[in-house]
Amino acid sequence: MNEEKRKRRVLNRQVHMANERTFLAWIRTGIGVMAFGFVVVKYALFVRQMSNIIDKSTSAVIFPASHGYSAFLGVLLVALGAIMCFLGYIRYKKVEKQIDEETFIPTSVLDVLLTLSVLAVGIFLVIYLIYSI
């Protein structure tokens, strides 16, 4: 009986470590999305400033007029990354509790939400790029 408890503790430890690795993957993904959003915002700011500098120095327009969607998209990506980190933590704690109670039921709600939000951002980017050409 004592050997069985020891094996169960070792198995739970491995499952908990797998849960932690999944949580860290969500955090890395969230940080990556936030970093990409930050780059998009800074690039939009750079293009706007360069356009102003060139407009003042010459009458030629090298950069096309921006509609301001890049900054909006960048802020949206930063917010999405932060939300992903928060939801990843909630999922981690929920799974941790389920592992301890041995009632784990896999769910893909967070995966579907992430996929749909990234798909929506991708569609927005495609439309934005088509209209900016």
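# A three-helix chain at a glance

The side chains of Asp111 and Arg91 come together in a salt bridge, with 3.1 Å from N to O. This pair ties together distant parts of the chain, since Asp111 sits in helix 3 and Arg91 in helix 2, 20 residues apart. Please keep in mind that the model you are looking at is predicted. Its chain has three helices and zero strands, and buried residues account for 23% of its 133 residues.

**Overall layout**

- If you follow the chain along its sequence, you will read the pattern α-α-α.
- Helix 1 covers residues 2–57, and helix 2 covers 69–101.
- Helix 3 takes in residues 109–132.
- Between helix 2 and helix 3 there is a loop, and Glu102 has its place there.

**Salt bridges**

- There are two salt bridges in the structure.
- In the pair already introduced, Asp111 has a relative accessibility of 31%, so it counts as partly exposed.
- Its partner Arg91 is also partly exposed, because its relative accessible area is 23%, which falls between the cut-offs of 20% for buried and 50% for exposed.
- Another salt bridge joins the side chains of Glu96 and Lys93, at 2.8 Å from N to O.
- Glu96 and Lys93 are three residues apart in helix 2, so about one helical turn separates them.
- Lys93 has a relative accessible area of 36% and is therefore partly exposed.

**The second largest pocket**

- Rolling a probe the size of a water molecule over the atoms shows where empty space is left.
- The second largest pocket holds about 330 Å³ of space.
- Its lining is made up of 19 residues, and those nearest the centre are Arg91, Lys94, Val95, Thr107 and Leu110.
- Arg91 therefore appears in two places in this briefing: it lines this pocket and it forms a salt bridge with Asp111.
- Helix 1, helix 2 and helix 3 each bring at least two residues to the lining of this pocket.
- Helix 2 gives the most to that lining, with eight residues.
- Sorted by class, the lining has twelve nonpolar, five polar and two charged residues.

**Buried leucines and their neighbours in space**

- Leu110, one of the residues nearest the centre of the second largest pocket, belongs to helix 3.
- With 13% relative accessibility, Leu110 counts as buried, because the cut-off for buried is under 20%.
- Leu110 and Leu87 stand 23 residues apart in sequence, while their C-alpha atoms are 7.5 Å apart in space.
- Leu73 is part of helix 2, and its relative accessible area of 2% makes it buried.
- From the C-alpha atom of Leu73 to that of Val41 the separation is 7.7 Å, although their positions lie 32 residues apart along the chain.

**A nonpolar patch on the surface**

- Val112, Leu116, Leu119, Ile123, Val126, Ile127, Ile130 and Tyr131 make a nonpolar surface patch of about 810 Å².
- One of these patch residues, Tyr131, lies in helix 3.
- Tyr131 counts as exposed because its relative accessibility of 66% is over the 50% cut-off.

**An unusual backbone angle in the loop**

- Glu102 is not a glycine, yet its phi is positive, at about 55 degrees.
- This residue, in the loop between helix 2 and helix 3, is partly exposed, with a relative accessible area of 48%.

Note on methods:
Residues numbered from 1 in each chain as written. Predicted model: local features only at pLDDT ≥ 70, side-chain atom pairs only at ≥ 80, totals over all residues. Heavy atoms only, no water. Patch = residues over 30% accessible without salt bridge, like charges linked within 9 Å, V, L, I, M, F, W, Y side chains within 5 Å. Areas by Shrake-Rupley, 256 points an atom, 1.4 Å probe, with all protein chains shown as cover. Salt bridge = Lys/Arg side-chain N within 4 Å of Asp/Glu carboxyl O. Helix = DSSP H or I, 4+ residues; strand = E, 2+ residues; numbered from the N terminus. Buried < 20%, exposed > 50% of the residue type's maximum accessible area, 1.4 Å probe, protein only. 1 Å grid on protein atoms, 1.4 Å probe; cavity = no way out; pocket = protein on both sides within 12 Å on 5 of 7 lines; lining within 4 Å. Points joined across faces, edges and corners; volume = space filled by probe spheres on them. Nonpolar A, V, L, I, M, F, W, Y, C, P; charged D, E, K, R; others polar.
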